[in-house]
Amino acid sequence: MEYPKVKRNILLNPGPATTTDTVKYAQVVPDICPREKEFAQIMKDMGEDLVKIVHGDLDKYTAVLFTGSGTVNIDATISSLVPANKKILILNNGAYSGRGAEVCQYYGMDHINLELPIDRPIDVAKAEEALKADKDIAVVYCCHHETGTGVLNPIREIGAMAHKYNCTMIVDTTSTYAMIPIDMEKDNLDFVMASAQKGLMSMTGLSYVIGKTAILEASKDYPKRSYYTNLYQQYSFIRDKGEMHFTPPVQTIYATKQAIKEYWEVGEEAKWARHQRVWEALHKGLDELGFQDIIPREMQSRLVISVKYPDDPNWDFTKVHDYLYENGFTIYPGKVSDLPTFRLCSLGTIDVPDIEAFFAELRKALEKFNIQIPVQYK
Ligand SMILES: *Cc1c(COP(=O)(O)O)cnc(C)c1O
């Protein structure tokens, strides 16, 4: 069936990302009850693909799917994977790992919130000190890529250290999964997570945790701190019935099925190469206009750039944003504590020509609002 083309917006925000029309239209399907065998088969295949994307062995790792945005995974893993009388160590170097600490607070969980500088990767030695000091820590939690700043954390080293102290390693990979290659075994990970609207470039509403089946089984007897997001409850339901416990996001699952097909067609290496070339094009354009970024480039994920507001009396983020938005480009506010920044991201089905078109519009916006070019900093 032929469908009309959908207006193509270039999203430079950190997800949801620009999607293909084939993914958008994959949602248009005959009505189906998700308790049907046909749908269960789609879910089963999808679960296996989600494990394979992070090179997980299907005999050892399982995907647990949830309806919800990415935070549902943070909630589920933290509330479900800490044994009784044990603690979780949160390596907090940004807003997303900080969200993990908030989940602990909401559930009244015994946790250590190790606050680290947000403008650089986690110092593994600091994390080790914390582990050495407290024998009750059973789980280590961090974020792979702090989407607020664009800082990438050394998860392989952190995972190795967590395992040295016999801890379970949970990593929020929401903003790297299906973009930066991840390997469960080699990267020393027990649980990772993501959402369909980020790296897979699908629609919102589907999130998934990929983790060690043996630990999921063991978590049956762990304290239950949440109902809707209990990982064991969802895992065992999928294991026994092949269905999600509660209503799945049916249309998003069809879109994601198509998105996974397109992911395999492009391939892990080529996709990561594309994100990196978009990141380089973003830097090139920023450099040409004189914009400065916050995080040293070698520490950047290559997926998010935090850009400093110019010191120009005419600079007004909202005005620039609105002008760009009218022209099909979305830029995003920053999240580097109180620093006045905005973000440009290299997620989505976009490539270098889109970025060149973006900078042509950004230049027009700067001219329109009488912002000096190159932009000025004090
Ligand atoms: C997007 C994102 C999430 C999920 O945020 P939601 O608003 O719930 O979708 C979680 N962690 C990271 C690192 C993210 O980038």
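How far from an oxygen atom of the ligand does a backbone N or O atom of Gly70 lie? The distance is 3.1 Å. The legends below start with the ligand and then turn to other sites in this predicted model.

**View 1. Polar atoms of Gly70, Thr147 and Thr174 beside the ligand.** The backbone of Gly70 places an N or O atom 3.1 Å from a ligand oxygen. In Thr147 it is the side chain that supplies the N or O atom, at 2.5 Å from an oxygen atom of the ligand. Thr174 has a polar side-chain atom 3.4 Å from a nitrogen atom of the ligand. Taken alone, the ligand exposes 380 Å², and the protein buries 86% of that area.

**View 2. The ligand and the residues that surround it.** The ligand has 14 residues around it, and the closest are Ser69, Thr71, Thr147, Asp172 and Lys198. The space that the ligand takes is the second largest pocket. Two elements give two or more residues to the shell around the ligand: helix H3 (71-80) and helix H4 (95-106).

**View 3. Thr173 in the loop between strands S8 and S9.** Strand S8 covers residues 168-172 and strand S9 covers residues 191-195, with Thr173 in the loop that lies between them. Is Thr173 buried or exposed? Thr173 counts as buried because its relative accessibility is 0%. When neighbours within four places in sequence are left aside, Thr173 is in contact with His144, Ile182, Val192, Met193 and Ala194.

**View 4. Leu116 in the loop between strand S4 and helix H5.** Strand S4 (111-115) and helix H5 (124-133) are the elements on either side of this loop. The relative accessibility of Leu116 is 11%, so this residue counts as buried. Leaving out neighbours within four places in sequence, the contacts of Leu116 are Leu91, Asn92, Asn93, Ile122 and Lys126. Ile182, which appears among the contacts of Thr173, is 66 residues from Leu116 along the chain, and the C-alpha atoms of Leu116 and Ile182 are separated by 24 Å.

**View 5. Asp110 in the loop between H4 and S4.** Which residues does Asp110 touch, not counting residues up to four places away in sequence? They are Lys86, Lys87 and Ile88. Asp110 and Lys86 are 24 residues apart along the chain, with 7.3 Å between their C-alpha atoms. Asp110 has a relative accessibility of 48% and therefore counts as partly exposed.

**View 6. Asp45 in helix H2 and its separation from Lys257.** Along the chain, Asp45 and Lys257 are 212 residues apart. In the model, their C-alpha atoms are separated by 8.8 Å. Asp45 counts as partly exposed because its relative accessibility is 37%.

**View 7. Thr213 and its contacts.** Thr213 is found in helix H7, which covers residues 213-218. Its relative accessible area is 17%, under the 20% limit, so Thr213 is buried. With neighbours within four places in sequence set aside, Thr213 is in contact with Lys60, Tyr61, Thr62 and Tyr235.

**View 8. Positive phi at His55 and Asn166.** Neither residue is a glycine. Phi of His55 is near 55°. His55 lies in the loop between helix H2 (37-53) and strand S2 (61-67), and a relative accessible area of 40% is why His55 is partly exposed. Asn166 has a phi of about 55°. Asn166 is in the loop between helix H6 (155-164) and S8. The relative accessibility of Asn166 is 70%, which means that Asn166 counts as exposed.

**View 9. Cis peptide bonds before Pro16 and Pro374.** Where is Pro16 placed? Pro16 is in the loop between strand S1 (10-11) and helix H1 (21-25). The peptide bond that joins Gly15 and Pro16 is cis, with omega about -5°. A cis peptide bond also joins Ile373 and Pro374, where omega is about -5°. Pro374 lies in the segment after helix H12 (352-368).

Terms used:
Residues are numbered from 1 along each chain as its sequence is written. This is a predicted model: local features need pLDDT of at least 70, side-chain atom pairs count only at pLDDT 80 or more; totals for chains, interfaces and linings use all residues. Side-chain values use heavy atoms; hydrogens and water are left out. Helices (H or I, at least four residues) and strands (E, at least two) are DSSP runs, numbered from the N terminus. Buried means under 20% relative accessible area, exposed over 50%, partly exposed in between (1.4 Å probe, protein chains only). Contact means heavy atoms within 4.5 Å. A residue is near a molecule or strand if one of its heavy atoms lies within 4 Å of it. A polar contact is a pair of N or O atoms within 3.5 Å; within protein, one must be able to donate a hydrogen and the other to accept it, and residues adjacent in sequence count only if both atoms are side-chain atoms. Accessible areas come from the Shrake-Rupley method with a 1.4 Å probe; for residues, only the protein chains shown count as cover. On a 1 Å grid over the protein atoms alone, a cavity is a set of points where a 1.4 Å probe fits but cannot get out, and a pocket is an open set with protein on both sides within 12 Å along at least five of seven lines; lining residues have an atom within 4 Å of a point. A molecule sits in a cavity or pocket if more than half of its atoms lie within 2 Å of its grid points.
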